[in-house]
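Trainee: Could you take me through the salt bridges in this one, slowly? I'd like to see who pairs with whom and where the partners sit.

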Amino acid sequence: MVCRDVMDRLSPFVDDELDPVTSRDVARHVETCSSCAAELAMQRELQESLKRDVEYHRAPDLLRERVMRDLRAATRREAVPARPAAQPWRWLSAAAAVIAVAGGAWIVTTLPRDGGNEAAAREAVSSHVRSLQASHLTDVASTDQHTVKPWFNGKLDFSPPVTDFASADYPLVGGRLDYVQGHPVAALVYMHRKHVINVFVWPASGAREELAPAVTQRGYHVIRVAHAGMAYWVVSDLNPQELAAFARMLAAPAPTP
Ligand SMILES: [Zn+2]
């Protein structure tokens with residue numbers, strides 16, 4: 001395993017999300033490679049401190065989310081026998097995995113060469129980290145897209161699309177106002193397992209439809225999406241494959257019931 005492969009896997013390695021063989025390969029590599037070992041130590045430290053912060057400050061939110069999810073699962077079991085709505089996401093995730101393996105180009109986790117994208121990714125990561133550290137993850141804490149979307153009324157001069165992806169295990173947990181490149185933007189907060197995902201949204205009229213490959217900054221992954229006249233920056237410490245699957249849902253949201 002070369003350094004680049006190891007760097008790409010440090011985040012899931014720290015979270016114990018790798019398969020045993022890959023995990024062992026990463027562990028072996030860092031025993032003999034000081035630069036990867038240093039990066040690993042930094043990520044461990046950062047994730048530990050973020051986890052402490054997030055768990056301490058957001059415990060009520062996370063707990064409520066867990067309860068909501070259990071409730072939803074229970075309701076699902078009791079209600080209709082099959083849920084066709086859940087199928088496209090499963091298909092999407094599978095498709096994403098295939099693309100990730102076959103295409104490779106989707107999941108590029110090196111820094112972009114041009115400074116513009118790198119600066120943009122750095123800013124997105126800074127906003128993400130700030131939202132976790134300042135215990136200011138959400139201004140409006142709700143799993144209901146019909147609560148979160150109107151909350152932005154009057155606070156922004158545009159109306160961000162807000163979709164809950166709980167059925168695909170990416171539940172919406174809330175939203176807040178944030179600033180990107182000096183402009184107020186909508187920040188939508190999602191969870192996937194214990195990972196926080198920030199989605200920064202603002203209008204980009206006339207922008208070409210785009211789903212940029214993930215770039216990595218300080219152990220966080222950033223994916224840019226342009227869809228239906230809106231720009232999205234998706235930031236998380238979640239592994240790039242699952243984050244790309246999530247970004248793809250943003251680019252093609254399900255019709256809201
Ligand atoms: Zn190395």
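Mentor: Sure, let's start with a pair of neighbours: Arg24 and Asp25 meet through their side chains in a salt bridge, 3.8 Å from N to O. By salt bridge I mean a side-chain nitrogen of Lys or Arg within 4 Å of a carboxyl oxygen of Asp or Glu. Before we go on, keep in mind that this is a predicted model, where local features need pLDDT of at least 70 and side-chain atom pairs count only at pLDDT 80 or more, while totals for chains, interfaces and linings use all residues. Residues are numbered from 1 along each chain as its sequence is written, and side-chain values use heavy atoms, with hydrogens and water left out.

Back to our pair. Arg24 is partly exposed, because its relative accessibility is 43%, and Asp25 is partly exposed too, at 28%. That label is for values between the two limits: buried is under 20% relative accessible area and exposed is over 50%, using a 1.4 Å probe and protein chains only.

The rule gives 6 salt bridges in total, and here's a fun one: Arg193 pairs with Glu17, their closest N and O atoms being 2.9 Å apart. These two are 176 residues apart, so to speak, along the chain: Arg193 is in the loop between β3 (183-192) and β4 (195-203), and Glu17 is in the loop between α1 and α2. Those helices (H or I, at least four residues) and strands (E, at least two) are DSSP runs, numbered from the N terminus.

Now stay with Arg193, as Glu242 also forms a salt bridge with it, with closest N and O atoms 3.0 Å apart. Glu242 lies in helix α7 (residues 240-251) and Arg193 in that loop between β3 and β4, so this bridge ties together parts 49 residues apart in sequence.

Put those contacts together and you get a network of salt bridges that links Glu17, Arg193 and Glu242. How buried or exposed are its members? Each has its own value: Arg193 is partly exposed at 36%, Glu17 counts as partly exposed at 26%, and Glu242 is partly exposed at 21%.

So when you look at the model, find Arg193 in the loop between β3 and β4, then trace its contacts to Glu17 and to Glu242.
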